[in-house]
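This briefing covers a ligand site with a metal centre. It goes through the metal coordination and then the surrounding shell.

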Amino acid sequence: MAFFFVALTTPHAWAAPDAIAGKDKAQLCAACHGENGVSSIPGTPHLAAQPPLSVFYQLLQFRDQRRKGGGMEAIAATLSEQDMRDIAAHYAAQPAPPAHTGGDAQKLTRGQQIAQQQYCSSCHGAQLQGQKHVPRLSGQSTEYFITQLRNLRSGARADMDGTMASAARSLTDEEIEAMATYARSLP
Ligand code: HEC
Ligand code: HEC
């Protein structure tokens, strides 16, 4: 994995990511991820305002079959790495998904407490907005959040370096639901 990060941070021959080209290339993603990266299908993630490195990295994971789900392996296999970078730049430039503050206030407060106790923000950012290769969680669909966190906990979804798996290991289903409610409430 060290090699991977070196490869990402060392200047290379590829062209700079092009968000305008990315918008065009993202046409085939809109049916599921929404016109501007805000999906209306439960369980399908919002991509709007995701850190570009996170989207790029997840597409590589799908392409290489290290992550599976939603038919994304086949879709990612059709993209070049330049396509992935352009698309990632496009989604990063979109307005964040709307925050949902409605719902169970008790769950929300509980979620906030757990997020603080478990240091989720040390990687995902103070507002869980994501950074570098770490995905944005704020505003994310609760169905998607819950499924992914359970899969990361069980190992059904392998993560890049095991840090997320160990962060998830001790979480109960109830705690995961509370954190999903909290994350969705953040702008
Ligand atoms: C047929 C519906 C569909 C289409 C079309 C589609 N996706 Fe997806 N995508 C999904 C689903 C469902 C998931 C969640 C997969 C899972 O459960 O792990 C997903 C996950 C992702 C993720 C992971 C997000 C995260 O937060 O980890 C990225 C990135 C992504 N898709 C990018 C794209 C791009 C780029 C395109 C177009 C080139 C695209 N998708 C087309 C359904 C789709
Ligand atoms: C040590 C850094 C770190 C900590 C601490 C951490 N995460 Fe993560 N998280 C990551 C990384 C990196 C990923 C991407 C994993 C991958 O696919 O390789 C991730 C992925 C996720 C995902 C999947 C998001 C998506 O778009 O697919 C969820 C949900 C999540 N984390 C929730 C949490 C919660 C809740 C906490 C606190 C209990 C937490 N994380 C703590 C680094 C961290």
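The points below describe ligand 1 and the residues around it in a predicted model. The iron atom of ligand 1 sits in an octahedral site, with His33 and Met72 as its protein donors. A shell of 20 residues surrounds ligand 1.

**Iron coordination**

- His33 donates through NE2 and Met72 through SD, and these atoms lie 2.0 to 2.2 Å from the iron atom of ligand 1.
- The iron atom of ligand 1 has six donor atoms, and the angles among them run from 86 to 178 degrees.
- His33 belongs to helix H3 (residues 30–33) and Met72 to helix H5 (residues 72–77), so that the pair links distant parts of the chain, 39 residues apart.
- Both of these residues, His33 and Met72, are buried.

**Polar contacts of the ligand**

- The side chain of Arg67 places an N or O atom 2.8 Å from an oxygen atom of ligand 1.
- For the side chain of Tyr144, the corresponding distance from an N or O atom to an oxygen atom of ligand 1 is 3.0 Å.
- Gln148 has a side-chain N or O atom 3.1 Å from an oxygen atom of ligand 1.

**Make-up of the shell**

- Two or more residues of the shell come from each of H3, helix H4 (52–63), H5 and helix H9 (142–154).
- H4 contributes the most, giving four residues to the shell around ligand 1.
- The closest residues to ligand 1 are Cys29, Cys32, His33, Arg67 and Met72.
- Sorted by class, the shell holds 13 nonpolar, six polar and one charged residues.

Key. Residues are numbered from 1 along each chain as its sequence is written. Chains are lettered from A and ligands numbered from 1 in the order in which they are written. This is a predicted model: local features need pLDDT of at least 70, side-chain atom pairs count only at pLDDT 80 or more; totals for chains, interfaces and linings use all residues. Side-chain values use heavy atoms; hydrogens and water are left out. Donors are N, O and S atoms within 2.8 Å of the metal (3.2 Å for Na, K and Ca); water is not among the atoms, so sites may look incomplete. Four donors count as tetrahedral if all angles lie between 85 and 135 degrees; four count as square planar and six as octahedral if opposite donors are over 155 degrees apart and all others between 65 and 115; anything else is irregular. Buried means under 20% relative accessible area, exposed over 50%, partly exposed in between (1.4 Å probe, protein chains only). A residue is near a molecule or strand if one of its heavy atoms lies within 4 Å of it. A polar contact is a pair of N or O atoms within 3.5 Å; within protein, one must be able to donate a hydrogen and the other to accept it, and residues adjacent in sequence count only if both atoms are side-chain atoms. Ala, Val, Leu, Ile, Met, Phe, Trp, Tyr, Cys and Pro count as nonpolar, Asp, Glu, Lys and Arg as charged, and the others, Gly among them, as polar.
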